[in-house]
Amino acid sequence: TTPVFSLDNTLYLERDLSLFGYRYTQTLEPRLFYLYVKGENQDDIPLFDTSEPTFSYRELFEENRFNGTDRMGDANQAALAVTTRFIDPDTGTERVRASLGQLYYFANRNVTLNSTAPQTNGESNMAGELEMALSRSWTGKADLIWDPHDYTTERANARIQYHPGFRKIANLSYRYLKNEQSQVDASILWPLTPAWHVIGRWYYDLDDSKRLET
């Protein structure tokens with residue numbers, strides 16, 4: 001039995017804004033999420049499918065830092081984050097949303113997988129997200145994990161999509177993982193006639209300068 005306490009606080013601020021000749025409602029949403037989970041020794045419980053998730057902006061607000069139910073991570077921490085949105089005041093459409101946040105730890109994390117050493121760092125990497133809907137046809141999304149100690153990017157993903165109509169889609173994506181991956185991925189689905197479509201993909205590794213898939 002593991003007691004869990006969390007407290008989620010968000011403040012919503014908004015203002016009218018004119019940018020490049022367009023009117024928007026801009027929001028500013030600072031968020032504080034505090035989490036306390038009592039530490040319990042769980043070494044006698046077998047590990048079946050539990051793992052550590054890939055760190056992302058969403059993980060800042062999770063109550064368990066593990067996937068699965070074989071481990072409940074101990075915690076005494078706070079997530080500080082801020083989100084801003086640009087909203088069309090006439091239609092309510094969210095044109096841009098950007099978020100940035102970081103975890104601050106007040107105690108070591110002693111519950112680990114496979115009896116590894118406790119985690120002693122005082123803060124996490126910074127995590128950010130960006131989503132754009134610039135028009136009905138063009139959308140974009142990006143996420144970033146940045147190490148504030150080494151001033152390096154640990155992971156980054158970006159995608160832009162053109163979707164002007166039914167079964168008309170073109171994607172261009174970029175994926176980066178520090179010291180491991182730097183890749184471009186382009187794909188398309190497009191009608192030539194009512195009966196014929198073209199489907200294509202080009203997947204390229206920038207570090208090795210070679211095609212991975214076409």
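**Notes on a predicted all-strand chain**

1. Of the contacts in the protein chain that join residues at least 6 apart in sequence, 45% link residues at least 24 apart. Please keep in mind while reading that this is a predicted model.

2. On secondary structure, the protein chain has 12 strands and 0 helices. Read from the N terminus, the order of elements is β-β-β-β-β-β-β-β-β-β-β-β.

3. Now for the overall dimensions. The radius of gyration of the protein chain is 21 Å, whereas a compact globule of 214 residues would come in near 17 Å. The C-alpha trace spans about 65 × 50 × 35 Å along its principal axes.

4. Next, the surface. About 13,800 Å² of the protein chain is accessible, and carbon and sulfur atoms account for 53% of that. Buried residues make up 29% of the 214 residues. As for charge, the protein chain carries 22 positive and 30 negative charges, and the mean positions of the two sets are 8 Å apart.

5. One residue you may enjoy looking at is Gln183, which sits in strand β10, residues 181-191. Is Gln183 buried or exposed? Gln183 counts as buried because its relative accessibility is 8%, and the cut-off for buried is under 20%.

6. What does Gln183 touch, leaving aside residues up to four places away in sequence? Its partners are Ser173, Tyr174, Arg175, Tyr203, Tyr204, Asp205 and Leu212. Within strand β10, the side chain of Gln183 also makes a polar contact with the side chain of Gln181, at 3.5 Å. Finally, Arg211 is 28 residues from Gln183 along the chain, with 9.6 Å between their C-alpha atoms.

Terms used
Residues numbered from 1 in each chain as written. Predicted model: local features only at pLDDT ≥ 70, side-chain atom pairs only at ≥ 80, totals over all residues. Heavy atoms only, no water. Helix = DSSP H or I, 4+ residues; strand = E, 2+ residues; numbered from the N terminus. Rg over C-alpha atoms; globule rule 2.2 N^0.38 Å. Buried < 20%, exposed > 50% of the residue type's maximum accessible area, 1.4 Å probe, protein only. Contact = heavy atoms within 4.5 Å. Areas by Shrake-Rupley, 256 points an atom, 1.4 Å probe, with all protein chains shown as cover. Lys, Arg positive; Asp, Glu negative; His and termini not counted. Charge placed at Lys NZ, Arg CZ, Asp CG, Glu CD. Polar contact = N/O pair within 3.5 Å; in protein donor to acceptor, adjacent residues only side chain to side chain.
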